[in-house]
Amino acid sequence: MADILIRNVPGSALRQAKRMAQKQHHSLQEVLRGLLINVLEIREGNWSERADRIRRKIARSGKPQSNSVDLLRDDRAR
């Protein structure tokens, strides 16, 4: 894995990232790495693969899920 040095990060962005890290009980490095990876996945179109992973995770949870399309159709039919 490679290391990256990013210079001239605005103070407000750094403070926001530090708050995120603290709330998530992660290091600043972990939070920034995750944000970078997420943005690149979205920009590269890997968002559909990520959405599929989330759907599978939800399905494995065993919790009942509603179909929003059906709910919208029912609402509009009233």
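**Exercise 1. Determine how many helices and strands the chain contains, and in which pattern they follow one another.**

Solution. The secondary structure of this predicted model comprises four helices and zero strands. Reading along the sequence then gives the pattern α-α-α-α. A further step concerns how far the chain spreads. For 78 residues the globule rule gives 12 Å, whereas the radius of gyration of the chain is 19 Å, well over that value, so the chain is more spread out than a compact globule. Along its principal axes, the C-alpha trace spans about 55 × 30 × 25 Å.

**Exercise 2. State what percentage of the residues of the chain count as buried, and describe the area that the chain exposes.**

Solution. The first step is the cut-off: a residue is buried when its relative accessible area is under 20%. By this criterion, 4% of the 78 residues count as buried. The second step is the surface itself. The chain exposes about 7600 Å², and 53% of this area is supplied by carbon and sulfur atoms. The charges may be considered next. The chain has 17 positive and 9 negative charges, and the mean positions of the two groups are 7 Å apart.

**Exercise 3. Describe the largest pocket: how much space lies in it, and which residues are the closest to its centre?**

Solution. The space in the largest pocket amounts to about 770 Å³. Its lining consists of 20 residues, of which Ile-6, Gln-29, Leu-32, Arg-33 and Leu-36 are the closest to the centre. The next step assigns the lining to elements. Two or more residues come from each of helix H1 (11-24) and helix H2 (28-43). Helix H2 gives the most, with eight residues.

**Exercise 4. For Asn-8 and His-25, establish the sign of phi, the location in the chain, and whether each residue is buried or exposed.**

Solution. Asn-8 is taken first. Although Asn-8 is not a glycine, its phi is positive, at about 60°. Asn-8 is located in the segment before H1. The cut-off for an exposed residue is a relative accessible area over 50%. Asn-8 has a relative accessibility of 77% and therefore counts as exposed.

The same steps apply to His-25. His-25, a residue other than glycine, has a positive phi near 60°. His-25 belongs to the loop between H1 and H2. With a relative accessible area of 72%, His-25 is exposed.

**Exercise 5. Locate Ala-77, decide whether it is buried or exposed, and give its separation from Val-39 in sequence and in space.**

Solution. Ala-77 is part of helix H4, which covers residues 68-77. The relative accessibility of Ala-77 is 67%, so Ala-77 counts as exposed. In sequence, Ala-77 and Val-39 are 38 residues apart. In space, the separation of Ala-77 and Val-39 is 39 Å, taken from C-alpha to C-alpha.

Notes: Residues are numbered from 1 along each chain as its sequence is written. This is a predicted model: local features need pLDDT of at least 70, side-chain atom pairs count only at pLDDT 80 or more; totals for chains, interfaces and linings use all residues. Side-chain values use heavy atoms; hydrogens and water are left out. The radius of gyration is taken over C-alpha atoms; the globule rule is 2.2 Å times the number of residues to the power 0.38. Buried means under 20% relative accessible area, exposed over 50%, partly exposed in between (1.4 Å probe, protein chains only). Accessible areas come from the Shrake-Rupley method with a 1.4 Å probe; for residues, only the protein chains shown count as cover. Lys and Arg count as positive and Asp and Glu as negative; His and the chain ends are not counted. The place of a charge is taken as NZ of Lys, CZ of Arg, CG of Asp or CD of Glu. On a 1 Å grid over the protein atoms alone, a cavity is a set of points where a 1.4 Å probe fits but cannot get out, and a pocket is an open set with protein on both sides within 12 Å along at least five of seven lines; lining residues have an atom within 4 Å of a point. Grid points are joined across faces, edges and corners, and a volume is the space filled by probe spheres set on the points.
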